[in-house]
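Take a look at the chain below. The walk starts at a single loop residue, moves out to the overall fold, and ends with the charged side chains.

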Amino acid sequence: MGNAEGLRKKFQRDFAEQSAWKELDAAKNHRVHFLPIQHYLYMPGPEYPEAFRHLARLLYPEMEQQP
């Protein structure tokens, strides 16, 4: 919780620069994502469907290609 941009910078500073982090497949393949705060910071309420669609697009990007 807190300032999303500040947290992103903190992540970059504290985690992403560590050698162990750079060895993770997700990091190597650019599959680390920052979730939008409007859907994930607290309960999204009526926006649950969009929150799940967003996760689906991140987890299964190939599904975007299908009709």
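**A loop residue and its surroundings**

Glu17 sits in the loop between α1 (4-16) and α2 (19-22). The model is a predicted one. Is Glu17 buried or exposed? Its relative accessibility is 52%, and the exposed class starts over 50%, so Glu17 counts as exposed.

Which residues does Glu17 touch, once neighbours within four places in sequence are set aside? Glu17 is in contact with Gln12 and Lys22. Phe52 is a different matter. Glu17 and Phe52 are 35 residues apart in sequence. In space, their C-alpha atoms are 30 Å apart.

Now step back to the whole chain. The protein chain has five helices and zero strands. Read from the N terminus, the order of elements is α-α-α-α-α. Along the principal axes, the C-alpha atoms fill a box of roughly 40 × 30 × 15 Å. The radius of gyration is 14 Å, whereas a compact globule of 67 residues would have one near 11 Å.

How much of the chain counts as buried? The share is 13% of the 67 residues. The exposed surface of the protein chain comes to about 5800 Å². Carbon and sulfur atoms supply 59% of that area. Contacts add another view. Take those in the protein chain with a separation of 6 or more. Residues 24 or more positions apart account for 23% of them.

Charge comes next. The protein chain carries 9 positive and 9 negative side chains. The centres of the two sets lie 4 Å apart. How many salt bridges are there? The count comes to seven.

One of them joins the side chains of Lys10 and Asp14, at 2.6 Å from N to O. Where do these two partners sit along the chain? Both belong to helix α1 and are four residues apart, so about one helical turn separates them. Lys10 has a relative accessibility of 40%, so Lys10 counts as partly exposed. Asp14 has 26%, so Asp14 also falls between the 20% and 50% limits and is partly exposed.

Asp14 has a further partner. A salt bridge links Asp14 with Arg13, and the closest N and O atoms are 3.4 Å apart. Arg13 has a relative accessible area of 57%, so this residue is exposed.

Another salt bridge pairs Lys28 with Glu23. Here the closest N and O atoms are 3.7 Å apart, which is within the 4 Å cut-off. Lys28 is partly exposed, because its relative accessible area is 45%. Glu23 is exposed, because its relative accessible area is 53%. Which residues do shared partners join into one network? Salt bridges that share partners connect Lys10, Arg13 and Asp14.

Put the charged side chains side by side. Glu17, Arg13 and Glu23 are exposed, at 52%, 57% and 53%. Lys10, Asp14 and Lys28 are partly exposed, at 40%, 26% and 45%.

Methods. Residues are numbered from 1 along each chain as its sequence is written. This is a predicted model: local features need pLDDT of at least 70, side-chain atom pairs count only at pLDDT 80 or more; totals for chains, interfaces and linings use all residues. Side-chain values use heavy atoms; hydrogens and water are left out. Helices (H or I, at least four residues) and strands (E, at least two) are DSSP runs, numbered from the N terminus. The radius of gyration is taken over C-alpha atoms; the globule rule is 2.2 Å times the number of residues to the power 0.38. Buried means under 20% relative accessible area, exposed over 50%, partly exposed in between (1.4 Å probe, protein chains only). Contact means heavy atoms within 4.5 Å. Accessible areas come from the Shrake-Rupley method with a 1.4 Å probe; for residues, only the protein chains shown count as cover. Lys and Arg count as positive and Asp and Glu as negative; His and the chain ends are not counted. The place of a charge is taken as NZ of Lys, CZ of Arg, CG of Asp or CD of Glu.
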